[in-house]
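Here are my notes on this one, written up as a few numbered points. Have the viewer open while you read.

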Amino acid sequence: MTRSLGFLIFLILWSPLEVVGGTGTNSSFSNSTSSRPSVVNIGALFTFNSVIGRAARPAIEAAINDINSDPNILKGTKLNLILHDTNCSGFLGTVEALQLMENDVVAAIGPQSSGIAHVISHVVNELHVPLLSFGATDPTLSALQYPYFLRTTQSDYFQMYAIADLVDFYEWREVIAIFVDDDYGRSGISVLGDALALKRAKISFKAGFSPGASNSTIYELLVGVNLMESRVYVVHVNPDSGLKVFSVAKSLGMMSTGYVWIATDWLPSHLDSMQPVDPDTMNLLQGVVALRHYTPDSYLKKSFMSRWNNLKYKETAGPEGFNSYALYAYDSIWLAARALDVFFKEGGKLSFSNDSSLHDTNESTLHLASLRVFDGGQQFLQAILRMNFTGVSGQIQFDSDKNLVHPAYDILNFGGTGSRRIGYWSNYSRLSTVVPEILYTKPPNTSASNQNLYSVIWPGETAAKPRGWVFPDNGKPLRIAVPNRVDFKQFVQNDKNPPGVKGYCIDVFEAAVNLLPYPVPHTYMLFGNGERNPSYDDLVYQVAQNKYDAAVGDVTIVTNRTKIVDFTQPYVESGLVVVAPVKEAKSSPWAFLKPFTKEMWFVTGAFFLFVGAVVWILEHRINHEFRGPPRQQLITIFWFSFSTMFFSHRENTVSTLGRLVLIIWLFVVLIINSSYTASLTSILTVQQLTSGIQGIDSLISSNDRIGVQDGSFAWKYLINELNIAESRLVILKNREEYFISLQNGPKAGGVAAIVDELAYIELFLSSTNCKFSTVGQEFTKTGWGFAFQRDSPLAVDLSTAILQLSENGELQKIHDKWLTVNECSMQLNQAEDQLSLNSFWGLFLICGIACILALTVFCCRVLCQYRRFSPEDEDIEVEEIEPAKSRRSIRSTSFKDLMGFVDRKEAEIKDRIKRKHSNSKQQGSHSSDGQKRRKGEKTVVSHEQVCCSIE
């Protein structure tokens, strides 16, 4: 409706506009001008007498003057600024915008109003005139519907995500949005809701008021807001009227301890333009947190701000009127000028043509032909989108969504007579105390551990983080549902005295509530008819559907329930167990075999023989006690092996390797003997109870009926998770049915076992005189907690209180008061645990490795000796030297020879090797003497020959 209104206004008022703006078509332009005209019209459209307008107008006029004075840009072309005042009115703003379009402007700067921007965007789309807005922050203006709309400031899309990060940083889960109900306010709050949803937070209430609302309207609005639970308020209003909200809130006492006020950029913009700020105004804002557009402290910015106080375009001298929108307005003019310069360099021509769809008719006084289309508008728009330069507000460059790159905000905390910066928010790394420019040089890091802010002084002059919520001040206590149980009433039951219920669960809840630093008014409401246990899934569902605020009782925390409600920390650890009839086990004549499993007996016996054989191999060559006939040696191996069980072996070990193996084996035997003795003692002295059901696995494999408590989650668990047929399950309502069903057994119409939570089973077993007992182990690990609606802050606070009860021992005292059980109920009786190989395989591994290493060393020594030993040395004392081939055949030995060598005594082998070595030395000396004799004979013969020749 708003967007169509502009065209309707345009059609109705166009004839008068011709009179008011009769000089609409600038005479300096023709339908086709040269590429470098002497003058180009630039339009500006905003409210002059406003917080944003008073900052924007001097900045725009200063930018026009700077550009026209700079010979390096536009090369002789001057910019002609045409200003139009929208007067804070959507109607008049639309009229002024249509008048502006008559002047053949190539670009329009503004408007500051998001509502007017929506309407004017349709006009500029038809006329192909880029609209550069320095103040319209409505996120929906970035849509593809408005191709000629360009925002030269930051979109509220990023500001709302910054607020969501701020809310998440302080761990609040609900906020109340106070906003002006127009395009600007509604669109911003809509984005805030989406951003909070990503953080598992939400807007609990949207408090909107019309633009220009009176103090009485705002007063009524805030009175209603103050009755609600949330104490975190996000204020998103116009700068010119926003202080009314804080003035009324101050009068209502809503600026005190416990409240949180977060304002968008309108508040810093308003205060920056008021320098110096009125002390009364600052008194309204103590503890408020606000966001302000971040602009880098560059040289260009500092230079512009130093000129600001003395700009001739301002009505008054001094810093008054300046805010961040002045920087964006100044850069908007420079953006248009730079893009226009590129447009002309690329051959663009400044020409306007009539639109055939806009023509005058004989029956109407409207002169539609006065609106003309900018022929180079598309080319000019693309030139603007490609711009990349540094302005007074920072880097001017557009991303693919036509938003300025690197959106960032200062986060301010107001207190005393001014404000202080507590950090920054950037789309790059979220909350940080580091300047965004430094973060841009590092990899992005948005992890929770990297989010940091300085401390905040909140309303009420406190540094403690507000809780962010209170119980609604509307006289409604917390509605707490309590299951109306048939049995096991120690946990929760009806009571004639206040508060109407009692039991273990109620006492835990009341004790936890008493630890909270704030009162929690509540009332208990029974859930169920009392004739049978209620469905706990239905109970939790009713809490999720807001019929109850919480559920207190023996409510088990299971997966499907956590999906719809929030649970506190478990105050009872519980899990499903199997209880079955038991009887005393009869003593067996083979009880001495029970301590070990079959595998353990087999491996132990094998190792006895293995170690005995290893020790015999190591000792056989050097120890006469391990020698003798084969039959005697075999007996020795068996005797030595099993005598080590009692450390009574009589054979001494001589070799080092044998002693090493024996020491390790005796240590293993010591451990095995001790474990066997302890286990056998337990079996023979402790009363043993047996059952046909050994645990949940044996129960599943059987076809017997299984009892389940009425209303318990175990029914669905057995069917859905363990695939037990529903026909096997029997609902039991109370402990009497438990007893009868187990006593009768499946053959007499009862059940073979009952599956229920351990907390109930403990109470049941305390009165059965050990006729029944739990078998097997708990096969689920769950707990009981108090259920609250999703994102309820009470769940977190009560979890902390339950932990305090556990630490100070109060939780155990409450347990002892209500839940007393005898020793029998605490025994998890089952088939006796046998010692398995899993408990000892490490010892066997060590012993096996030692034996293998010893055998390896022994074999290496034997092979070395065998290489030095020649069997033929026994029969031949002196042998002539034979050919090498014959020697090889003599030395080649069989496996039988090797075994014979191994069987010999080591002392004998060493003696023969020594004799062989000494014989080889003697043969060497005899050979040397023979050679000397032969040499002497040759010398004598030669001497005789010489003598004969002389004669």
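**Notes on the helix packing and one arginine**

1. Start with α12 (residues 324-345) and α13 (residues 377-385): their axes come within 8 Å and cross at roughly 120°. That angle is over the 65 to 115 range for roughly perpendicular, so α12 counts as oblique to α13. The crossing of α12 and α13 is right-handed. Keep in mind that this is a predicted model.

2. Who touches whom here? On the α12 side you'll find Leu-335, Ala-336, Ala-339, Leu-340, Val-342 and Phe-343, and they meet Gln-379, Phe-380, Ala-383 and Ile-384 of α13. Sorted by type, the residues of this α12 and α13 contact come out as 9 nonpolar, 1 polar and no charged.

3. Next, α12 has another partner to look at. Helix α11 (residues 299-308) packs against α12 at an angle of about 110°, and the two axes are 12 Å apart. With 65 to 115 degrees counting as roughly perpendicular, α11 and α12 are therefore roughly perpendicular to each other.

4. In that contact, α11 brings Lys-301, Phe-304, Arg-307 and Trp-308, while α12 brings Ala-326, Leu-327 and Tyr-330. The split for α11 with α12 is 5 nonpolar, no polar and 2 charged.

5. Now over to Arg-485, which sits in the loop between β18 (478-483) and β19 (493-494). Is Arg-485 buried or exposed? Its relative accessible area is 3%, and because the cut-off for buried is under 20%, Arg-485 counts as buried.

6. What does Arg-485 have around it? Its side chain makes a polar contact with the side chain of Tyr-536, at 2.8 Å. If you skip the neighbours within four places in sequence, the residues in contact with Arg-485 are Val-492, Asn-533, Tyr-536, Asp-554, Gln-709 and Tyr-760. So Tyr-536 turns up both as the polar partner and in the contact list, if you want somewhere to begin when you look at this site.

7. Finally, the whole protein. How many helices and strands does the protein have? There are 31 helices and 33 strands. Of the 951 residues, 50% are buried. As for contacts between residues at least 6 apart in sequence, 73% of them join residues at least 24 apart.

Terms used:
Residues numbered from 1 in each chain as written. Predicted model: local features only at pLDDT ≥ 70, side-chain atom pairs only at ≥ 80, totals over all residues. Heavy atoms only, no water. Axes fitted to C-alpha atoms, helices over the stretch in contact; angles between N-to-C directions. Helix = DSSP H or I, 4+ residues; strand = E, 2+ residues; numbered from the N terminus. Parallel < 35°, antiparallel > 145°, perpendicular 65-115°, else oblique. Left-handed = near helix turned anticlockwise from the far one by under 90°. Contact = heavy atoms within 4.5 Å. Nonpolar A, V, L, I, M, F, W, Y, C, P; charged D, E, K, R; others polar. Buried < 20%, exposed > 50% of the residue type's maximum accessible area, 1.4 Å probe, protein only. Polar contact = N/O pair within 3.5 Å; in protein donor to acceptor, adjacent residues only side chain to side chain.
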